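The following paragraphs lead the reader through the salt bridges, a helix and a charged surface patch of one protein chain. The structure is shown first.

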Amino acid sequence: MKKNFLNLGKQPLANSFLPTNSKKILSKEFFYNLNVAFDTKTFLVSVAKPVNPEFQYTDQYAHRASESITMRNSFSKIANKLNKKFSPKIVMEIGSNDGVFIRNFEKRKIIAVEPCKNLARLTAGKYKTYPDFWTKSLAKKIFRKSKSADVIFSANTISHIPDLKQTFEAIESSLSPQGVLVIEDPSLLSVIKNNSYDQFYDEHVYVFSAIAISNVIRKSNLRLFDAEKIKTHGGSLRYYICKKNAKYKTTNNLNKILTEEKKAKLNQFKTYKKFSKKVKQSKNNLINIFKKLKKRNKKIISYGATYKSSTVFNYCNIGTKYIDYVTDTTLNKQGKFTPGKHIPIISPEKGMNESVDYAFLGAWNFKKEILKKEKEFIKRGGKFISHVPSVKIISS
Ligand code: TMP
């Protein structure tokens, strides 16, 4: 049974940046109710009523995974590790985005699947790329003959697909007998610990735990045998999954993670009720900080036009009254307006100037990278505001 525990209100699609703020465009903007639910049987946490993926993963999709050094490094590291550990002949990536992972492999080894046509076009010239959603019929089409994949990799994608049953069944039928599925997604334990409620948005249909993943894949003849904690997206888990009868033994690392999740009571509804109270408190604290700073005539901007800041701004009703503009390095976000709150987005070169007093860390998951980059801003007295793990002004 699914039980709702968090209501983040009316939300737009978090990656749907608006080309203009004309009345005509704004009146057509799509909103949905973002309720988050807990499944008392599988312990899966999900958006109660997911949005149709056809609306989300279009040829206008803005997110580019290679935009940050942190992600580029993370993908090249895991690519080398998978090559060494499993010596795969065929590697398939589900959700290949702009090719940040596959570019670490020889062309002949790669099959890429990417439903956003604008992104698929970026890799199609060099790698075999299917511009489609991952489904059973696509799996059949790709592996029509006897070929199968030795490694299937998918980062920040499986959690975006509403139909997990079909997803894992299609993976099971595409893996070689000793093949390995490696997925990484934000970790539910990190979300609870960091109070990072902004990991919930239209694309994160699920925020997984190891407990829930192991329950869900069992139905598709798959088995979780290893997991590791990684730092990306504010704390993620990387899961290693094989066919039920494959040779891999359950690792100590996985057992440790499962024990930690049980200790944190991720399999109990009351944990989520407590979390929901803390989220409301975080909202009040953030609004209070913005109000106080505005009373003192401070100029506040936001750093990184992220899906996370979209959830925060829409949930907390923070718009241009508080935030002058958002800076972002992504060229196709610049010149546009944030979803729902319609705050203009400009480049950091233009935006991070002398007049800025405070910058809200919309990309808090890249805090280290950003603080290093923005030494000048900090040196002249500029300050960052973050809401994770609790609302505060960061002074150095
Ligand atoms: P993500 O959290 O969804 O990966 O998005 C991060 C966004 O933040 C992406 O649009 C790029 C932007 N960004 C900056 O503008 N400056 C930075 O220094 C970093 C690391 C990211």
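In this predicted model, Glu-260 and Lys-229 form a salt bridge in which the closest N and O atoms are 2.7 Å apart. Glu-260 belongs to helix α9 and Lys-229 to strand β10, so this contact ties together parts of the chain that are 31 residues apart in sequence. The partners are not equally covered. Lys-229 has a relative accessible area of 52% and is therefore exposed, the threshold being over 50%. Glu-260, at 26%, is partly exposed.

Glu-260 also takes part in a salt bridge with Lys-193, where the closest N and O atoms lie 3.3 Å apart. This pair, too, links distant parts of the chain: Lys-193 is located in helix α7 (residues 188-194) and Glu-260 in helix α9 (residues 252-263), with their positions 67 residues apart in sequence. Lys-193 has a relative accessibility of 54% and so counts as exposed.

A further salt bridge joins the side chains of Glu-228 and Arg-238, at 2.7 Å from N to O. Here the connection runs from strand β10 (residues 222-230), which holds Glu-228, to strand β11 (residues 236-243), which holds Arg-238; the two residues are 10 apart in sequence. Both Glu-228 and Arg-238 are buried. They also belong to a network of salt bridges that includes Lys-81 and Glu-184. In total, the structure contains 12 salt bridges.

Attention may now turn to helix α10. This helix spans residues 269-295, a total of 27 residues, and extends 40 Å from its first C-alpha to its last, close to the 39 Å expected at 1.5 Å a residue. Its buried residues include Phe-275, Ser-276, Val-279, Ser-282, Leu-286, Ile-287, Ile-289, Phe-290 and Leu-293. Towards the start of the helix, Phe-269, Thr-271 and Tyr-272 are buried as well. In general, an α-helix has 3.6 residues a turn, so residues three or four places apart point the same way. Just after α10, Asn-297 adopts a positive phi of about 60°.

The last feature is a charged patch on the surface. Lys-77, Lys-231, Lys-368, Lys-372 and Lys-375 together form a positive surface patch. One of these residues, Lys-368, lies in helix α13, which covers residues 367-373. Because its relative accessibility is 75%, Lys-368 counts as exposed.

Conventions
Residues numbered from 1 in each chain as written. Predicted model: local features only at pLDDT ≥ 70, side-chain atom pairs only at ≥ 80, totals over all residues. Heavy atoms only, no water. Patch = residues over 30% accessible without salt bridge, like charges linked within 9 Å, V, L, I, M, F, W, Y side chains within 5 Å. Areas by Shrake-Rupley, 256 points an atom, 1.4 Å probe, with all protein chains shown as cover. Salt bridge = Lys/Arg side-chain N within 4 Å of Asp/Glu carboxyl O. Lys, Arg positive; Asp, Glu negative; His and termini not counted. Charge placed at Lys NZ, Arg CZ, Asp CG, Glu CD. Helix = DSSP H or I, 4+ residues; strand = E, 2+ residues; numbered from the N terminus. Buried < 20%, exposed > 50% of the residue type's maximum accessible area, 1.4 Å probe, protein only. Expected span 1.5 Å × (residues − 1).
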